[in-house]
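Trainee: Hello! I would like to learn how to read a protein model step by step. Could you show me one and let me ask questions as we go?

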Amino acid sequence: MSEKNSPPGSPKQNPDQNLETNPLPKDDSSLETIVRKIQDSMSLPKRHKFWETQPVGQFKDFGDTSLPEGPIEAPTPLSEVKQEPYNLPSPYEWTTCDMNSEETCTEVYNLLKNNYVEDDENMFRFNYSKEFLGWALRPPGYYKSWHIGVRAKASKKLVAFITGIPARIRVRNEVVKMAEINFLCVHKKLRSKRLAPVMIKEVTRRVHLENIWQATYTAGVVLPTPITTCQYWHRSLNPKKLIDVGFSRLGPRMTMSRTIKLYKLPDSPGTSGFRKMELRDVPAVTRLLRNYLSQFVVSPDFDENDVEHWLLPTEGVVDSYLVESPVTHDVTDFCSFYTLPSSILGNQNYSILKAAYSYYNVSTKTPLLQLMNDALIVAKQKDFDVFNALDVMHNEPFLKELKFGPGDGQLHYYLYNYRIQNALRPSELGLVLL
Ligand SMILES: CC(C)(COP(=O)(O)OP(=O)(O)OC[C@H]1O[C@@H](n2cnc3c(N)ncnc32)[C@H](O)[C@@H]1OP(=O)(O)O)[C@@H](O)C(=O)NCCC(=O)NCCS
């Protein structure tokens, strides 16, 4: 449930906050907002009828150090896992989405394009490309049965979706087989009918059938109980467009030309030996990455197959660069970002915001600041409008230095059926979900 409640281009984010600009005014008058504010100010714990029944860290247990870290419930024998799908309301039926089929991929693409995550002001909506979906959902060892759709029986129209992919996730010293759950989406016309819990239960059942008992996911909403809460930061690459579409606004003492100058970048990367990653680099990048990620409390346990899939450049999906020492030819540094555009809703001049998202970055010789500045430069060369990054891993220092501005949306990370005793700082997290 990779709910990025603050998708790229969200006007809640004010990329220029530190740079003499103002946040956009917010319309805080909806009844829901008022109720939430009252609830928040009274610190009333929100009830979660569904999540309270699930093996996840519960709010009431938060900080209880007598509870052990690790699985909350033991696995059940596979023969005891429910063999039939959960019941859907009668007008709907389950479908397994074959992401190798161009036609199915198009249906999924359209469902998400029209119904997936929007910012609070409904100005932008994620627009994952078909190529991206094919990549995100078919990593090594993926299960077709974890790509789950719901269709209207009568029209056969796809109206909901949820996915899992297998991953080895390390939590402290344990490497745990997990599902990464993502792309939970219910058609706008079918919201608030408690379809999401059925979908979550169904994907959980299918994960259990593969003898996997843990999962990880992210959401923009607070559920019981985040292992950490991160913030998106945004670096303008095309400030004029970002201002024109309402992503950011001119600061009080700023003119457009001063703003453009502020964000200007050199035409090409400055680090000698900086080049695109190639297939022959997979072993070196795997070593670099494994070594780097081992210092975080939670991170993926990548092998060479994973690195080849997740980090070898794929046009319009993922970009990776590295620094090869001109002297020793050692690969000493690495940076990567993925491509996730957003539709711009109701703007006369622009329909797509092209956003790059920081993925995994490792520096051993080139200062991280310099490496990420080169990443910004290649992103600009590739015509991205904005470069987004979470404050995970060692990102925070470069965010501030490289003119990223903080967004005000948060991204919460969760584990299913795995307890950790204390929440992590974002800098202790070494995991980026798509
Ligand atoms: C997220 C979405 C599928 C939820 O569906 P819905 O129709 O709004 O909600 P439903 O009535 O079906 O279910 C409500 C339950 O789902 C939970 N839920 C809502 N969003 C959730 C999320 N992102 N992850 C996990 N659970 C979520 C709610 O907390 C609630 O359970 P609770 O009573 O225990 O708190 C739907 O709003 C949607 O498609 N939104 C746009 C895309 C999106 O934000 N996807 C999430 C990406 S992670």
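Trainee: What covers the buried residues of H3?

Mentor: Keep in mind that this is a predicted model. In H3, the buried residues are Phe132, Leu133, Trp135, Ala136 and Leu137. Their cover includes helix H2, strand S3 (147–152), strand S4 (158–171) and strand S11 (331–339).

Trainee: At what angle do the axes of H2 and H3 cross?

Mentor: The axes of H2 (residues 102–115) and H3 (residues 130–137) come within 10 Å and cross at roughly 105°. The two helices are therefore roughly perpendicular to each other. On the H2 side, the contact is made by Cys105, Thr106, Val108 and Tyr109, and on the H3 side by Lys130, Leu133 and Gly134. Sorted by class, this contact has four nonpolar, two polar and one charged residues.

Trainee: Now the strands, please. Which strands pair with S16, and in which sense?

Mentor: Here is the general idea: strands of a sheet pair through backbone hydrogen bonds, either parallel or antiparallel. In this model, strand S7 (residues 228–236) is joined to S16 by five bridges, and the two run antiparallel. Within that pairing, Ser236 has Val386 of S16 as its bridge partner. Strand S14 (residues 355–358) pairs with S16 in the parallel sense over three bridges, and Tyr357 stands opposite Asn388 in S16.

Trainee: Is S16 enclosed or open to the outside?

Mentor: Five of the five residues of S16 (residues 386–390) are buried, so the strand is largely enclosed by the rest of the structure. Both of its faces are covered, with Val386, Asn388 and Leu390 buried on one side and Phe387 and Ala389 buried on the other.

Trainee: Which strands stand at the edges of the sheet with the order S2-S12-S13?

Mentor: That is an open sheet of three strands with antiparallel pairing. Strand S2 (124–126) and strand S13 (352–353) stand at the edges, each with a single partner strand, so one side of each has no neighbour in the sheet. S2 and strand S12 (residues 342–344) pair over three bridges in the antiparallel sense, and Arg125 stands opposite Ser343 in S12.

Trainee: What about a single residue: is Leu288 buried or exposed?

Mentor: Count the C-beta atoms around it. A residue is buried if 20 or more others lie within 10 Å. Leu288 has 22, so it is buried. This residue lies in helix H7 (residues 282–293) and touches Val331, Phe334 and Val362, leaving aside residues up to four places away in sequence. The C-alpha atoms of Leu288 and Val331 are separated by 8.0 Å, although the two residues are 43 apart along the chain.

Trainee: Which backbone angles should catch my eye?

Mentor: Most residues other than glycine have a negative phi, and most peptide bonds are trans. Lys156 has a positive phi of about 65°; its place is the loop between S3 and S4, and it is exposed. Asp383 has a positive phi of about 75°; it sits in the loop between helix H9 (368–381) and S16 and is exposed too. The peptide bond from Pro224 to Thr225 is cis, with omega near -25°.

Trainee: Where does the pLDDT stay under 50?

Mentor: The chain averages a pLDDT of 92, and 90% of the residues score at least 70. Over residues 1–6 the pLDDT is below 50, and it stays under 50 over residues 8–29. Where pLDDT is low, the predicted coordinates should not be read in detail.

Key: Residues are numbered from 1 along each chain as its sequence is written. This is a predicted model: local features need pLDDT of at least 70, side-chain atom pairs count only at pLDDT 80 or more; totals for chains, interfaces and linings use all residues. Axes are lines fitted to C-alpha atoms, for helices over the stretch in contact, and angles run from 0 to 180 degrees between N-to-C directions. Helices (H or I, at least four residues) and strands (E, at least two) are DSSP runs, numbered from the N terminus. Angles under 35 degrees count as roughly parallel, over 145 as roughly antiparallel, 65 to 115 as roughly perpendicular and the rest as oblique. Two residues are in contact if their C-beta atoms, placed from the backbone, lie within 7 Å. Ala, Val, Leu, Ile, Met, Phe, Trp, Tyr, Cys and Pro count as nonpolar, Asp, Glu, Lys and Arg as charged, and the others, Gly among them, as polar. A residue is buried if 20 or more other C-beta atoms lie within 10 Å of its own, exposed if 12 or fewer, and partly exposed in between; C-beta atoms are placed from the backbone. pLDDT is the predictor's confidence in each residue, from 0 to 100. Two strands pair if DSSP finds at least two bridges between them.
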